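I opened this notebook to keep a record of what I looked up, one entry at a time. The entries follow the order in which I went through the model.

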Amino acid sequence: LARDGKKIGTIKARVSAIKWFHKAAGEISPTNDASIEMVLAGLSRKIGVAPKQATPMLARTVKTIVDAIVEGDRCADRDRALLLLAFFGGFRRSELSSIRVEHLDICDQGLTVFLPSSKTDQVGEGRYVAIARQHNAYCPVKAVETIMGSDGRLFPISDRMVHKIIVKLCGRAGVDEGQFSPHSLRAGMVTQAAMNKVAKSDIRRITGHKSDAMIDHYTRIVDQWENNATRGMMG
């Protein structure tokens with residue numbers, strides 16, 4: 001796997017799968033051998049364990065892309081709603097494509113989206129994401145109201161199509177489409193909220209992260225400029 005260029009996370013996932021199937025079969029797993037641990041440790045040093053980080057799409061870039069959406073275009077309302085909801089809700093693209101109209105609740109304060117399941121909710125407990133109204137041209141609630149039907153999926157598209165739409169919108173706005181992905185909107189929401197001094201617990205309430213560890217992972221760029229030791233060194 002390493003020779004094939006696979007990342008260390010992928011290799012460890014394969015090892016874990018082998019271990020699980022042996023355990024399920026009542027057999028001793030070969031992954032328990034000390035040599036396997038040593039090989040994995042060596043590969044971690046050689047390949048590196050730092051994951052590829054999605055470039056955060058901050059509010060100013062989202063505004064630029066929204067402003068470039070052409071009014072009257074056949075998909076303009078859908079694209080605007082998709083982009084704004086992805087950013088404000090910190091949704092993964094799989095979550096966006098699975099949102100159903102019957103799981104939306106709109107009130108004066110904003111919009112609540114119920115997610116029956118997600119990547120970090122494998123048992124299907126579900127969670128609610130509350131998104132406040134914005135009193136400007138970039139309100140995700142108003143955008144959703146524009147396209148919302150009576151039932152069914154809000155965006156009847158695949159998660160692959162979500163990616164294509166984001167790339168298309170970036171290109172039309174003159175934004176480097178190679179720099180951003182749908183996950184950039186989720187990363188951007190976390191980063192922007194951190195820049196706005198929002199508490200980590202309140203950010204997690206939106207994103208569904210179980211701990212502050214992943215929030216710290218996203219916001220490390222913001223944090224490095226807080227109380228930076230090099231600021232003002234030359235007077």
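Entry: a pocket. I began with the second largest pocket, and I noted that about 450 Å³ of space lies in it. I should say at once that I am working from a predicted model. I then looked up the lining of the second largest pocket, which consists of 20 residues, and I wrote down those closest to its centre, namely Phe-87, Phe-88, Gln-134, Met-189 and Asn-196. Next I asked which elements give two or more residues to that lining. I found helix H3 (59–67), H4, strand S3 (127–132), helix H8 (182–195) and helix H9 (200–207). The largest share comes from H9, which gives four residues to the lining of this second largest pocket. When I sorted the residues of the lining by character, I had 13 nonpolar, four polar and three charged.

Entry: the chain as a whole. I stepped back to look up the elements of the protein chain, and I listed ten helices and three strands. Read along the sequence, the pattern I wrote down for the protein chain is α-α-α-α-α-β-β-β-α-α-α-α-α. The C-alpha trace spans about 60 × 60 × 35 Å along its principal axes. The protein chain has 235 residues, and I noted that 37% of them count as buried. I also looked at contacts between residues at least 6 apart in sequence, and 62% of these join residues at least 24 apart.

Entry: salt bridges. How many salt bridges does a search of the whole structure find? I recorded twelve, and I followed up some of them.

I took Arg-80 and Glu-71, whose side chains meet in a salt bridge with N to O at 2.6 Å. Are the two partners buried or exposed? Arg-80 is buried because its relative accessible area is 13%, which is under the 20% limit, whereas Glu-71 counts as exposed because its value of 60% is over 50%. I placed Arg-80 in helix H4, and I looked up what it touches once its neighbours within four places in sequence are left aside: Arg-80 is in contact with Val-66, Ile-69, Glu-71 and Ala-143.

I went on to Asp-79 and Lys-168, whose side chains meet in a salt bridge at 2.8 Å, N to O. This pair links distant parts of the chain, for Asp-79 is in helix H4 (residues 76–89) and Lys-168 is in helix H7 (residues 159–172), 89 residues apart. Asp-79 counts as buried, with a relative accessibility of 1%, while Lys-168 is partly exposed at 28%.

I then turned to Arg-204, which forms a salt bridge with Asp-212, and I noted that their closest N and O atoms are 2.8 Å apart. Arg-204 is partly exposed, its relative accessible area being 24%, and Asp-212 is likewise partly exposed, with 30%. Before leaving this entry I checked for shared partners, and I found that salt bridges of that kind join Glu-71, Asp-77 and Arg-80 into one network.

Entry: cysteines. A disulfide is a covalent bond between the sulfur atoms of two cysteines. I looked for such pairs, and the count comes to zero disulfides. Why is Cys-75 in no disulfide? The nearest cysteine sulfur, that of Cys-170, is 16 Å away, and a disulfide would need the sulfur atoms within 2.5 Å, so Cys-75 is left unpaired. I noted too that Cys-75 counts as buried, at 14% relative accessibility. Cys-139 is also in no disulfide, and the nearest cysteine sulfur to it, that of Cys-107, lies 11 Å away. Cys-139 is buried, with a relative accessible area of 6%.

Entry: a pair apart in sequence. My last lookup was Ser-98, which I found in helix H5 (residues 93–98). Where does Ser-98 stand with respect to Pro-156? The two are 58 residues apart in sequence, and in space they are 8.0 Å apart from C-alpha to C-alpha. Ser-98 is partly exposed because its relative accessible area of 39% falls between the 20% and 50% limits.

Note on methods:
Residues are numbered from 1 along each chain as its sequence is written. This is a predicted model: local features need pLDDT of at least 70, side-chain atom pairs count only at pLDDT 80 or more; totals for chains, interfaces and linings use all residues. Side-chain values use heavy atoms; hydrogens and water are left out. A salt bridge is a side-chain nitrogen of Lys or Arg within 4 Å of a carboxyl oxygen of Asp or Glu. Buried means under 20% relative accessible area, exposed over 50%, partly exposed in between (1.4 Å probe, protein chains only). On a 1 Å grid over the protein atoms alone, a cavity is a set of points where a 1.4 Å probe fits but cannot get out, and a pocket is an open set with protein on both sides within 12 Å along at least five of seven lines; lining residues have an atom within 4 Å of a point. Grid points are joined across faces, edges and corners, and a volume is the space filled by probe spheres set on the points. Ala, Val, Leu, Ile, Met, Phe, Trp, Tyr, Cys and Pro count as nonpolar, Asp, Glu, Lys and Arg as charged, and the others, Gly among them, as polar. Contact means heavy atoms within 4.5 Å.
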